[in-house]
Amino acid sequence: MGGRGARTLGVMLLVGLPGGCRTREGAEPLRTSGASVRVERARARLTPAQVGAVYLSVVNATESADRLLSAESSSATKVELHEVVAREDVLSMVMHPEGFPIPAGGRVELVPGGKHLMLYNVRASADGIDLLLRFEKTGAVRLNVPVVAADEDMR
């Protein structure tokens with residue numbers, strides 16, 4: 001299987017097929033402290049094709065909207081903001097270079113089959129994945145994201 005085919009298979013595994021690659025047992029939800037927004041339930045799924053996705057919840061308890069502008073990781077060569085979109089009977093992945101708006105007093109869920117962070121050429125250690133999120137108003141938020149099995153969101 002060529003590189004493109006391997007990546008396509010990897011994306012399919014991330015979007016919804018059962019199975020998993022690596023599991024870090026006992027992972028607890030991550031939260032930031034002292035920031036305008038907080039991040040909850042951060043977790044990553046990886047595939048043998050070295051692509052992966054990060055899912056999380058961003059909670060904005062402030063009275064002003066914010067925006068997740070970008071993400072980067074020392075564990076991946078590239079991180080993009082994506083969303084799976086259904087058009088008629090076809091699912092496609094749409095890149096969001098403008099970021100994801102975080103409404104005032106609201107939350108944004110990055111979930112399998114929806115918005116997510118796409119990781120390319122990712123390699124995780126037993127300690128998980130280092131991730132840096134850049135918000136328009138909050139600034140930079142650094143996380144360590146545990147790697148979970150694909151079916152772990154179902155539990």
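Visitor: What makes strands E2 and E7 a pair?
Guide: Two strands pair if DSSP finds at least two bridges between them. E2 (residues 51–60) and E7 are joined by 4 bridges, so they pass that test. They run antiparallel, and Val-58 stands opposite Val-108 in E7. Keep in mind that this is a predicted model: local features need pLDDT of at least 70, side-chain atom pairs count only at pLDDT 80 or more, and totals for chains, interfaces and linings use all residues. Residues are numbered from 1 along each chain as its sequence is written, and side-chain values use heavy atoms, with hydrogens and water left out.

Visitor: How do you know which strands pair with E8?
Guide: Count the bridges again. E2 and E8 share 4 bridges and run antiparallel; there, Val-51 has Tyr-120 of E8 as its bridge partner. Strand E4 (residues 78–87) has 6 bridges to E8, also antiparallel, and one of the partners is Leu-119 in E8, for Val-79. Both counts meet the minimum, so E8 pairs with E2 and with E4.

Visitor: What makes something a strand or a helix, and how many of each does the protein chain have?
Guide: Both are DSSP runs, numbered from the N terminus: a helix is H or I over at least four residues, a strand is E over at least two. By that rule the protein chain has 1 helix and 10 strands. Walk along the sequence and you get α-β-β-β-β-β-β-β-β-β-β.

Visitor: Why is Val-108 called buried?
Guide: Buried means under 20% relative accessible area, exposed means over 50%, and partly exposed is in between (1.4 Å probe, protein chains only). Val-108 comes in at 8%, so it counts as buried. This residue belongs to strand E7. Leaving aside neighbours within four places in sequence, its contacts (heavy atoms within 4.5 Å) include Leu-56, Val-58, Pro-101, Ile-102 and Lys-115. Asn-60 is 48 residues from Val-108 in sequence, yet their C-alpha atoms are 8.6 Å apart in space.

Visitor: Which residues of E7 are on the covered face, and which are on the uncovered one?
Guide: In E7 (residues 107–110), Val-108 and Leu-110 make up the covered face, while Arg-107 and Glu-109 make up the uncovered one. Here's the background: side chains in a regular strand alternate between the two faces of the sheet.

Visitor: What makes strand E8 mostly covered?
Guide: Of the 6 residues in E8 (residues 115–120), 5 are buried. For the whole protein chain of 155 residues, 41% count as buried.

Visitor: Why does Phe-135 count as buried?
Guide: Its relative accessibility is 4%, so it falls below the buried cut-off. Phe-135 is in strand E9 (residues 129–135). Leaving aside neighbours within four places in sequence, Phe-135 touches, among others, Val-37, Val-58, Leu-68, Ile-102 and Val-141. Phe-135 and Ile-102 are 33 residues apart in sequence, but 9.3 Å apart from C-alpha to C-alpha.

Visitor: What makes a group of residues a nonpolar core, and which of them have the most contacts inside the largest one?
Guide: You need buried Ala, Val, Leu, Ile, Met, Phe, Trp, Tyr and Cys residues joined through side-chain atoms within 4.5 Å. The largest such core has 29 residues, with the most contacts inside it made by Leu-56, Leu-117, Leu-133 and Leu-143. Strand E1 (residues 37–46) gives this core its largest share, 5 residues. Leaving aside neighbours within four places in sequence, Leu-133 is in contact with residues including Leu-56, Leu-117 and Leu-143.

Visitor: How do you know that the charged end of Lys-78 sits over the ring of Tyr-120?
Guide: The rule wants NZ of Lys or CZ of Arg within 6 Å of the ring centre and within 35 degrees of the ring normal. The charged end of Lys-78 is 4.7 Å from the centre of the Tyr-120 ring, and it does count as sitting over that ring.

Visitor: Why is Arg-41 called partly exposed?
Guide: Its relative accessible area is 41%, so it lands between the buried and exposed limits. Arg-41 lies in strand E1, and it has a positive phi of about 55° although it is not a glycine. Asn-121, in the loop between E8 and E9, has a positive phi too, near 50°. With a relative accessible area of 31%, Asn-121 is therefore partly exposed as well.
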